[in-house]
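Please open the model in your viewer, and keep a selection tool to hand. The stops below suggest what to select next and say what is to be found there.

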Amino acid sequence: MMLVSEGISRMWAGLIGVIILGGVIIWLNRIVPGRLGPALAQLRAGDRPLAAAAYLSFAAPLLLPVYAAVGGVIPLIAGMVLAAASFMLILTRR
């Protein structure tokens, strides 16, 4: 979309980033028993690589609205790198 119009590309990236982040938060609130904050704190105390993967999974969609606000390819590349790092942390656990 960036070839057609940078403004439309940034608008869609911001919208999709907010939808993905909201979906992840709603999904985690449904699947995790109790409150999400204490569950993440307990995960951080018990399994640091898995906790790092969870936090990277939260940070990756946040860079789409940053791209929408700032522009440029650096937030997009950073989001892809964070998502890939999260994926690799999960794969190396097995």
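Begin by selecting Pro 49, Leu 50, Ala 52, Ala 53, Leu 56, Ser 57, Ala 59, Ala 60, Leu 63, Leu 64, Val 66 and Tyr 67 in H3, and then add Pro 75, Leu 76, Ala 78, Gly 79, Leu 82, Ala 83, Ala 85, Ser 86, Leu 89 and Ile 90 in H4, the residues that these H3 positions meet. Sorted by class, the contact of H3 with H4 holds 19 nonpolar and three polar residues, with no charged ones. Bear in mind while looking that this is a predicted model.

Now show the two helices as ribbons: the axes of H3 and helix H4 (residues 74-92) come within 8 Å and cross at roughly 160 degrees. Because angles over 145 degrees count as roughly antiparallel, H3 and H4 are therefore roughly antiparallel to each other. The crossing in which H3 passes H4 is left-handed.

Next, keep H3 on display and bring in H1. How do the axes of helix H1 (residues 6-31) and helix H3 (residues 48-70) cross? They do so at roughly 155 degrees, and the axes come within 7 Å. H1 and H3 are therefore roughly antiparallel to each other, and their crossing is left-handed. To see the contact itself, select Ser 9, Arg 10, Ala 13, Gly 14, Ile 16, Gly 17, Val 18, Ile 20, Leu 21, Val 24 and Leu 28 of H1, together with Phe 58, Pro 61, Leu 62, Leu 64, Pro 65, Tyr 67, Ala 68, Ala 69 and Val 70 of H3. If you colour this contact of H1 with H3 by class, you should find 16 nonpolar, three polar and one charged residues.

The next stop is H2, whose axis and that of H3 come within 6 Å and cross at roughly 135 degrees. H2 and H3 are therefore oblique to each other. Here the residues to select are Leu 40, Leu 43, Arg 44 and Gly 46 of H2, along with Arg 48, Leu 50, Ala 51, Ala 54, Tyr 55 and Phe 58 of H3. The contact of H2 with H3 divides into seven nonpolar, one polar and two charged residues.

From there, turn to the largest pocket, in which about 290 Å³ of space lies. Which residues lie nearest the centre of the largest pocket? Select Trp 27, Leu 28, Val 32, Leu 40 and Ala 54, which hold that place among the 13 residues of the lining. H1, helix H2 (36-46) and H3 are the elements that each give two or more residues to this lining. By class, the lining of the largest pocket consists of 12 nonpolar residues and one polar residue, with no charged residues.

Finally, zoom out to the whole protein chain, which has four helices and zero strands and follows the pattern α-α-α-α when read along the sequence. Taken along the principal axes, the C-alpha atoms of the chain fill a box of roughly 45 × 25 × 20 Å.

Conventions
Residues numbered from 1 in each chain as written. Predicted model: local features only at pLDDT ≥ 70, side-chain atom pairs only at ≥ 80, totals over all residues. Heavy atoms only, no water. Axes fitted to C-alpha atoms, helices over the stretch in contact; angles between N-to-C directions. Parallel < 35°, antiparallel > 145°, perpendicular 65-115°, else oblique. Left-handed = near helix turned anticlockwise from the far one by under 90°. Contact = heavy atoms within 4.5 Å. Nonpolar A, V, L, I, M, F, W, Y, C, P; charged D, E, K, R; others polar. 1 Å grid on protein atoms, 1.4 Å probe; cavity = no way out; pocket = protein on both sides within 12 Å on 5 of 7 lines; lining within 4 Å. Points joined across faces, edges and corners; volume = space filled by probe spheres on them.
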